[in-house]
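Colleague: Please take one part of this model and look at it closely. I would like the charged side-chain pairs, with distances and exposure.

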Amino acid sequence: MGGVLKHARTMLYAAMSLAMMFGLRTNEEYEALFQGFMFVVLVFAILYGVQQYKADKAARIERFETDVSRRAEQAVKDVLRTWYDRQADQLLDHAVAQLHQRRATLVQWYQKEVLPAKQRAEQATRSAQEEASKAQSQLGMLQRQKTDHEKAKAALAAVLG
């Protein structure tokens, strides 16, 4: 009722202001006309008040529905964001666990196969270098023996020859 009366009162004040401006209230000959006019205005004011109240109520309901819809969408977004974050964290944890496991497997493979092969290759390289050093040190002596042999051969050929 308060909403209806508020809007009806607004219309009544407007009608009374117009009646005052045109002098309907101050003239006694228009008193009956003024009372009839005010009755009609009262009826229209009540109808206007009811109509405005319904419009206000519909607007409030629409605002409420919009607000509820917006809040529901926000709640769904928040829940989904939380769920996506949890899933991303779980995926990250799973990936880290797999990487640690693969790293451990890689380290074990390196220690079992690569490191011994590397050590064997280094040992073979050292052995080859040692043999090359020995051969190089013997090269001078062998070259001297070769020249001695060639001189002996030439001398033998000169004696026989």
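**Salt bridges along the helix**

Modeller: Arg70 and Asp67 pair through their side chains in a salt bridge, 2.6 Å from N to O. Keep in mind that the model is predicted. The two residues sit three apart in helix 2, so about one helical turn separates Arg70 from Asp67. Asp67 is partly exposed, because its relative accessibility is 25%, and the cut-off for buried is under 20%.

Asp67 also has a second partner. Its side chain meets that of Arg71 in a salt bridge of 3.3 Å, N to O. Asp67 and Arg71 are four residues apart in helix 2, again about one turn. Arg71 has 55% relative accessibility and therefore counts as exposed.

Further along comes another pair. Asp78 and Arg81 form a salt bridge at 3.2 Å, N to O. Both belong to helix 2, three residues apart, or about one turn of the helix. Asp78 is partly exposed at 33% relative accessibility. Arg81 is partly exposed too, with a relative accessible area of 46%. Back at the earlier site, shared partners join Asp67, Arg70 and Arg71 into one salt-bridge network. Over the whole structure, the search finds three salt bridges.

Now the setting. Helix 2 covers residues 31-160. The protein chain has two helices and zero strands. Of its 161 residues, 7% are buried. The chain exposes about 13900 Å², with carbon and sulfur atoms supplying 61% of that area. A nonpolar surface patch includes Phe44, which lies in helix 2. The patch residues together have about 690 Å² of accessible area.

Conventions
Residues are numbered from 1 along each chain as its sequence is written. This is a predicted model: local features need pLDDT of at least 70, side-chain atom pairs count only at pLDDT 80 or more; totals for chains, interfaces and linings use all residues. Side-chain values use heavy atoms; hydrogens and water are left out. Buried means under 20% relative accessible area, exposed over 50%, partly exposed in between (1.4 Å probe, protein chains only). Accessible areas come from the Shrake-Rupley method with a 1.4 Å probe; for residues, only the protein chains shown count as cover. Patches are made of residues with over 30% relative accessible area and no salt bridge: like charges are joined within 9 Å, nonpolar side chains (Val, Leu, Ile, Met, Phe, Trp, Tyr) within 5 Å. A salt bridge is a side-chain nitrogen of Lys or Arg within 4 Å of a carboxyl oxygen of Asp or Glu.
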